[in-house]
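Visitor: Please take a close look at the cysteines of this model, and then at the residues around them. I would like the reasoning along with the values.

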Amino acid sequence: MPKDDNIEAEGTVIECLRNAMFKVKLSNGHIVTCTISGKIRMHYIKILEGDTVKIEMSPYDITKGRITYRNKN
């Protein structure tokens, strides 16, 4: 699948789960289960509850996503 087909959104981390998984609440109220992208994992960027993050989702399954950026708070 090409990278251009991903849906990008911004949300807030509401819960930290096991294995670098997070529950993110989007601005429209939808809750998405997300994992960390490779670059964030490689650079040891910590993500905590309450952080604002940018995620990308596949148009085929919008219940799962990937965290691609953490905004500085």
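Guide: Buried here means under 20% relative accessible area, and exposed means over 50%, with partly exposed in between. The model is a predicted one. C34 has a relative accessibility of 0%, so C34 counts as buried. C16, at 36% relative accessibility, counts as partly exposed.

The next point is the bond between sulfurs. A disulfide is a pair of cysteine sulfur atoms within 2.5 Å. The cysteine sulfur closest to that of C16 belongs to C34 and is 12 Å away, which is too far for a bond. Seen from the other side, C34 is in no disulfide, its nearest cysteine sulfur being that of C16 at 12 Å. The count of disulfides by this rule is 0.

C34 also appears in the surroundings of V24. Apart from neighbours within four places in sequence, V24 is in contact with a list of residues that includes C34, V32, I31 and H30, as well as G11, T12, V13 and I14. V53 and I67 are also among the contacts of V24. V24, V53 and I67 recur in the largest nonpolar core, which has 13 residues. Together with F22, I47 and I55, they are the members that touch the most other members. Strands β2 (21-26), β3 (31-36) and β4 are the elements that give two or more residues to this core.

V32 leads on to T63. Leaving aside neighbours within four places in sequence, T63 is in contact with V32 and T33. T63 lies in strand β5, which covers residues 61-70. With a relative accessible area of 38%, T63 is partly exposed. Its side chain makes a polar contact of 2.7 Å with the side chain of D61. H30, which was named among the contacts of V24, is 33 residues from T63 in sequence, while the C-alpha to C-alpha distance between T63 and H30 is 8.6 Å.

D51 gives a second pair with T63. These two are 12 residues apart in sequence and 19 Å apart in space, C-alpha to C-alpha. D51 sits in the loop between α1 (38-42) and β4 (52-58). Its relative accessible area is 12%, so D51 is buried. A polar atom of the D51 side chain lies 2.9 Å from the backbone nitrogen of L48.

To return to the request: C34 is buried, C16 is partly exposed, and their sulfurs are 12 Å apart, too far for a bond.

Note on methods. Residues numbered from 1 in each chain as written. Predicted model: local features only at pLDDT ≥ 70, side-chain atom pairs only at ≥ 80, totals over all residues. Heavy atoms only, no water. Helix = DSSP H or I, 4+ residues; strand = E, 2+ residues; numbered from the N terminus. Buried < 20%, exposed > 50% of the residue type's maximum accessible area, 1.4 Å probe, protein only. Polar contact = N/O pair within 3.5 Å; in protein donor to acceptor, adjacent residues only side chain to side chain. Contact = heavy atoms within 4.5 Å. Core = buried A, V, L, I, M, F, W, Y, C linked by side-chain atoms within 4.5 Å.
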